[in-house]
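Here are my notes after a look through this one, in the order I'd go through them with the model open on screen. They start at one residue and work outwards.

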Amino acid sequence: MTFDVAGEAARAVRERAGAWRFIEGFAAAWAEPIEPQDGWNHADLDAAEHRLGVRLPDAVRDAYALFGKRPDLTSNQDWLLTPSELRLAGEVVVFRTEIHAVTSWAAALDTADPAVVHETERGWEPWLPHFSTACVELVLSEALFRDGAETADRETSEADISLIEEHFTLLPLNSPGSRWFASDDVILREEDREWLWARARTPEALELLMKRFPGAWEY
(Lines give C-alpha, C1' and ligand atoms only; values in the text may rest on other atoms or scores of the structure.)
Protein backbone atom coordinates (compact mmCIF):
# COMPACT_ATOMS: atom_id res chain seq x y z
CA MET A 1 0.00 0.00 0.00
CA THR A 2 1.34 3.43 -0.91
CA PHE A 3 0.79 6.62 1.04
CA ASP A 4 1.73 10.16 -0.02
CA VAL A 5 3.37 11.35 3.19
CA ALA A 6 4.28 14.80 1.87
CA GLY A 7 0.95 15.46 0.17
CA GLU A 8 -1.13 14.28 3.11
CA ALA A 9 1.04 16.23 5.57
CA ALA A 10 0.33 19.41 3.61
CA ARG A 11 -3.38 18.74 3.98
CA ALA A 12 -3.00 17.75 7.64
CA VAL A 13 -1.74 21.17 8.70
CA ARG A 14 -4.66 22.93 7.02
CA GLU A 15 -7.51 21.26 8.89
CA ARG A 16 -8.07 18.97 11.84
CA ALA A 17 -9.83 16.32 9.77
CA GLY A 18 -6.79 16.20 7.47
CA ALA A 19 -4.58 15.33 10.44
CA TRP A 20 -6.77 12.38 11.38
CA ARG A 21 -6.79 11.21 7.74
CA PHE A 22 -3.00 11.44 7.72
CA ILE A 23 -2.70 9.30 10.85
CA GLU A 24 -5.16 6.71 9.55
CA GLY A 25 -3.42 6.53 6.17
CA PHE A 26 0.08 6.42 7.65
CA ALA A 27 -0.91 3.68 10.08
CA ALA A 28 -2.40 1.56 7.29
CA ALA A 29 0.67 1.95 5.05
CA TRP A 30 3.50 1.93 7.61
CA ALA A 31 2.07 -0.09 10.53
CA GLU A 32 -1.37 -1.66 10.88
CA PRO A 33 -4.76 -0.09 10.11
CA ILE A 34 -6.52 1.69 12.95
CA GLU A 35 -9.49 -0.26 14.25
CA PRO A 36 -12.50 0.96 16.27
CA GLN A 37 -11.12 -0.59 19.47
CA ASP A 38 -7.90 1.44 19.17
CA GLY A 39 -9.46 4.52 20.76
CA TRP A 40 -10.73 5.46 24.20
CA ASN A 41 -14.48 5.66 24.60
CA HIS A 42 -16.45 8.76 25.56
CA ALA A 43 -16.93 7.54 29.13
CA ASP A 44 -13.17 7.40 29.67
CA LEU A 45 -12.74 10.93 28.33
CA ASP A 46 -15.72 12.24 30.29
CA ALA A 47 -14.19 10.75 33.46
CA ALA A 48 -10.90 12.54 32.73
CA GLU A 49 -12.74 15.84 32.32
CA HIS A 50 -14.62 15.31 35.58
CA ARG A 51 -11.38 14.53 37.44
CA LEU A 52 -9.56 17.54 35.97
CA GLY A 53 -12.50 19.89 36.23
CA VAL A 54 -12.07 21.16 32.67
CA ARG A 55 -13.47 20.48 29.22
CA LEU A 56 -10.88 18.83 27.00
CA PRO A 57 -10.47 20.48 23.58
CA ASP A 58 -12.33 18.73 20.78
CA ALA A 59 -9.08 17.79 19.02
CA VAL A 60 -7.78 16.09 22.15
CA ARG A 61 -10.95 14.04 22.46
CA ASP A 62 -10.84 13.23 18.73
CA ALA A 63 -7.27 11.96 18.91
CA TYR A 64 -7.77 9.82 22.00
CA ALA A 65 -10.97 8.36 20.55
CA LEU A 66 -9.22 7.52 17.26
CA PHE A 67 -5.82 6.05 18.21
CA GLY A 68 -5.20 6.63 21.92
CA LYS A 69 -4.83 2.91 22.61
CA ARG A 70 -2.21 2.32 19.90
CA PRO A 71 1.17 2.41 21.70
CA ASP A 72 2.91 1.36 18.48
CA LEU A 73 1.80 4.73 17.06
CA THR A 74 2.16 6.85 20.19
CA SER A 75 4.57 5.40 22.73
CA ASN A 76 7.65 3.66 21.30
CA GLN A 77 10.07 6.25 22.70
CA ASP A 78 8.05 8.88 24.55
CA TRP A 79 4.60 8.29 26.05
CA LEU A 80 1.12 9.47 25.29
CA LEU A 81 -0.60 9.65 28.66
CA THR A 82 -3.82 7.73 29.19
CA PRO A 83 -6.97 9.69 30.05
CA SER A 84 -6.49 8.81 33.73
CA GLU A 85 -2.92 10.18 33.58
CA LEU A 86 -3.72 13.55 32.00
CA ARG A 87 -2.82 16.38 34.35
CA LEU A 88 -3.21 20.11 34.53
CA ALA A 89 -0.23 22.46 34.69
CA GLY A 90 -1.70 25.91 35.07
CA GLU A 91 -3.64 26.76 31.93
CA VAL A 92 -2.55 23.70 29.93
CA VAL A 93 -3.18 19.95 30.06
CA VAL A 94 -0.14 17.67 29.90
CA PHE A 95 -0.69 14.77 27.50
CA ARG A 96 2.77 13.42 26.63
CA THR A 97 6.06 12.88 28.45
CA GLU A 98 9.62 12.23 27.25
CA ILE A 99 11.30 8.91 27.96
CA HIS A 100 13.82 10.41 30.43
CA ALA A 101 11.30 12.89 31.87
CA VAL A 102 13.37 15.72 30.44
CA THR A 103 10.33 17.38 28.93
CA SER A 104 6.57 17.11 28.59
CA TRP A 105 4.08 18.34 26.04
CA ALA A 106 0.84 20.09 26.87
CA ALA A 107 -2.17 21.51 25.08
CA ALA A 108 -3.87 24.81 25.77
CA LEU A 109 -7.55 24.71 26.70
CA ASP A 110 -8.75 27.77 24.85
CA THR A 111 -9.82 26.50 21.41
CA ALA A 112 -11.10 23.35 19.70
CA ASP A 113 -7.67 22.59 18.21
CA PRO A 114 -5.31 24.48 20.52
CA ALA A 115 -1.61 25.20 20.41
CA VAL A 116 0.84 22.75 21.97
CA VAL A 117 3.74 23.78 24.19
CA HIS A 118 6.71 21.86 25.58
CA GLU A 119 8.49 22.22 28.88
CA THR A 120 11.98 23.71 28.93
CA GLU A 121 14.26 25.09 31.62
CA ARG A 122 12.67 28.44 30.85
CA GLY A 123 9.14 27.14 31.31
CA TRP A 124 6.49 26.32 28.70
CA GLU A 125 7.48 27.32 25.17
CA PRO A 126 5.70 26.94 21.80
CA TRP A 127 5.89 23.55 20.06
CA LEU A 128 3.33 23.49 17.25
CA PRO A 129 0.32 25.73 16.54
CA HIS A 130 -2.36 23.03 16.71
CA PHE A 131 -2.86 19.85 18.70
CA SER A 132 -3.86 17.92 15.58
CA THR A 133 -0.61 18.91 13.87
CA ALA A 134 1.30 17.87 16.98
CA CYS A 135 -0.37 14.47 16.73
CA VAL A 136 0.94 14.04 13.18
CA GLU A 137 4.43 14.94 14.40
CA LEU A 138 4.01 12.57 17.36
CA VAL A 139 3.09 9.61 15.14
CA LEU A 140 6.02 10.28 12.80
CA SER A 141 8.41 10.64 15.75
CA GLU A 142 7.32 7.38 17.31
CA ALA A 143 7.65 5.63 13.93
CA LEU A 144 11.41 6.29 14.15
CA PHE A 145 11.64 4.08 17.24
CA ARG A 146 9.28 1.21 16.51
CA ASP A 147 10.77 -2.18 17.34
CA GLY A 148 11.37 -4.33 14.29
CA ALA A 149 10.96 -1.46 11.86
CA GLU A 150 13.49 -0.27 9.29
CA THR A 151 15.09 2.53 11.31
CA ALA A 152 18.56 4.06 11.49
CA ASP A 153 20.29 7.17 12.78
CA ARG A 154 23.65 8.89 12.68
CA GLU A 155 25.44 12.19 13.03
CA THR A 156 24.77 14.52 10.14
CA SER A 157 26.90 16.97 8.18
CA GLU A 158 26.46 20.07 6.04
CA ALA A 159 26.84 17.86 2.95
CA ASP A 160 23.90 15.79 4.13
CA ILE A 161 21.70 18.86 4.47
CA SER A 162 22.02 19.88 0.83
CA LEU A 163 21.41 16.31 -0.37
CA ILE A 164 18.36 15.94 1.84
CA GLU A 165 16.91 19.18 0.55
CA GLU A 166 17.57 18.04 -3.01
CA HIS A 167 16.12 14.53 -2.81
CA PHE A 168 13.38 14.82 -0.17
CA THR A 169 10.31 16.98 0.36
CA LEU A 170 10.27 19.25 3.40
CA LEU A 171 7.16 18.62 5.49
CA PRO A 172 5.23 21.60 6.91
CA LEU A 173 5.18 20.49 10.54
CA ASN A 174 8.61 21.21 11.93
CA SER A 175 8.87 21.58 15.66
CA PRO A 176 11.62 23.64 17.35
CA GLY A 177 15.06 22.38 16.37
CA SER A 178 13.78 19.75 13.95
CA ARG A 179 12.87 19.51 10.28
CA TRP A 180 10.94 16.65 8.72
CA PHE A 181 11.47 15.33 5.19
CA ALA A 182 9.86 12.54 3.19
CA SER A 183 10.11 10.57 -0.02
CA ASP A 184 7.86 7.74 -1.18
CA ASP A 185 9.29 5.18 1.24
CA VAL A 186 11.44 7.12 3.72
CA ILE A 187 10.83 9.71 6.42
CA LEU A 188 13.70 11.71 7.90
CA ARG A 189 14.04 13.95 10.93
CA GLU A 190 17.01 16.31 10.97
CA GLU A 191 17.73 17.71 14.42
CA ASP A 192 19.63 20.97 14.83
CA ARG A 193 21.76 20.12 11.78
CA GLU A 194 23.52 17.61 14.06
CA TRP A 195 21.65 14.31 13.95
CA LEU A 196 19.67 12.42 11.35
CA TRP A 197 16.91 9.93 12.14
CA ALA A 198 15.45 7.72 9.41
CA ARG A 199 12.55 5.33 9.02
CA ALA A 200 12.03 3.36 5.81
CA ARG A 201 8.93 1.46 4.80
CA THR A 202 10.94 -1.42 3.32
CA PRO A 203 14.43 -2.91 3.80
CA GLU A 204 15.25 -1.95 0.21
CA ALA A 205 14.38 1.69 0.86
CA LEU A 206 16.62 1.78 3.93
CA GLU A 207 19.49 0.20 2.00
CA LEU A 208 19.12 2.77 -0.76
CA LEU A 209 19.14 5.60 1.79
CA MET A 210 22.37 4.36 3.32
CA LYS A 211 24.01 4.15 -0.08
CA ARG A 212 22.91 7.68 -0.94
CA PHE A 213 24.00 9.00 2.46
CA PRO A 214 27.01 6.88 3.45
CA GLY A 215 28.22 7.11 7.03
CA ALA A 216 28.27 5.44 10.43
CA TRP A 217 24.59 4.55 10.63
CA GLU A 218 23.30 2.87 13.76
CA TYR A 219 20.40 0.50 13.21
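1. Leaving aside its neighbours within four places in sequence, which residues is Thr74 in contact with? Keep in mind that this is a predicted model. The contacts of Thr74, with those neighbours set aside, are Phe67, Trp79, Leu80, Leu138 and Glu142. Thr74 itself belongs to helix α5, which covers residues 71-74.

2. Is Thr74 buried or exposed? The cut-off for buried is under 20% relative accessible area, and Thr74 has a relative accessibility of 1%, so it counts as buried. There's also a long-range pairing to look at here: Thr74 and Cys135 are 61 residues apart in sequence, yet their C-alpha atoms are 8.7 Å apart in space.

3. Ser75 deserves a look alongside Thr74. You'll find Ser75 in the loop between α5 and β1 (79-80). Ser75 has a relative accessible area of 17%, so it too is classed as buried. The side chains of Thr74 and Ser75 are joined by a polar contact of 3.0 Å.

4. What else does Ser75 reach? A polar atom of the Ser75 side chain lies 3.2 Å from the backbone nitrogen of Leu80. If you don't count residues up to four places away in sequence, Ser75 touches Leu80 and Glu142. Both of those names also turn up among the contacts of Thr74.

5. Now the empty space. Rolling a probe the size of a water molecule over the atoms shows where empty space is left. How many cavities of 30 Å³ or more are there? The count is one, and the volume of the largest cavity is about 40 Å³. The elements giving two or more residues to its lining are α5 and α6.

6. For anyone wanting to display the walls of that cavity, the lining consists of Phe26, Ala31, Asp72, Leu73, Asn76, Val139, Ala143, Arg146 and Arg199. By type, the lining of the largest cavity splits into five nonpolar residues, one polar and three charged.

7. The largest pocket is a separate item, with about 450 Å³ of space in it. Its lining takes in 22 residues, and those nearest the centre are Glu98, Thr103, Trp105, Trp127 and Glu191. Sorted by type, the pocket lining has nine charged residues, eight polar and five nonpolar. At least two lining residues come from each of β5 (116-120), α6 (131-143) and β10.

8. On to the sheet that β10 sits in. This is an open sheet of five strands, ordered β7-β11-β10-β9-β8, and the pairing is antiparallel. Which strands are at the edges? Those are β7 (150-155) and β8 (169-170), each of which pairs on one side only.

9. Let's walk through β10 and β11. Strand β10 (residues 186-191) pairs antiparallel with β11 (residues 195-200) over six bridges. Ile187 sits opposite Arg199 of β11, and Arg199 is also one of the residues lining the largest cavity. The two strands make a hairpin with three residues between them, and Asp192 in the turn has a positive phi of about 50°.

10. On the other flank, β10 is joined by five bridges to β9 (residues 178-182), again antiparallel. Ser178 has Glu191 as its bridge partner in β10, and Ala182 has Ile187. Glu191 is also among the residues nearest the centre of the largest pocket. β9 and β10 form a hairpin too, with three residues between them. In a regular strand the side chains alternate between the two faces of the sheet, which is handy to remember when you trace these strands.

11. Why are β10 and β9 described as largely enclosed by the rest of the structure? For β10, five of its six residues are buried, so the strand is largely enclosed. For β9, four of its five residues are buried, so the description applies there as well.

12. Last stop, the β8 end. Strands β8 and β9 run antiparallel and are joined by two bridges. Leu170 is matched with Phe181 in β9 as its bridge partner.

Note on methods: Residues numbered from 1 in each chain as written. Predicted model: local features only at pLDDT ≥ 70, side-chain atom pairs only at ≥ 80, totals over all residues. Heavy atoms only, no water. Pairing = 2+ DSSP bridges. Buried < 20%, exposed > 50% of the residue type's maximum accessible area, 1.4 Å probe, protein only. 1 Å grid on protein atoms, 1.4 Å probe; cavity = no way out; pocket = protein on both sides within 12 Å on 5 of 7 lines; lining within 4 Å. Points joined across faces, edges and corners; volume = space filled by probe spheres on them. Nonpolar A, V, L, I, M, F, W, Y, C, P; charged D, E, K, R; others polar. Contact = heavy atoms within 4.5 Å. Polar contact = N/O pair within 3.5 Å; in protein donor to acceptor, adjacent residues only side chain to side chain.
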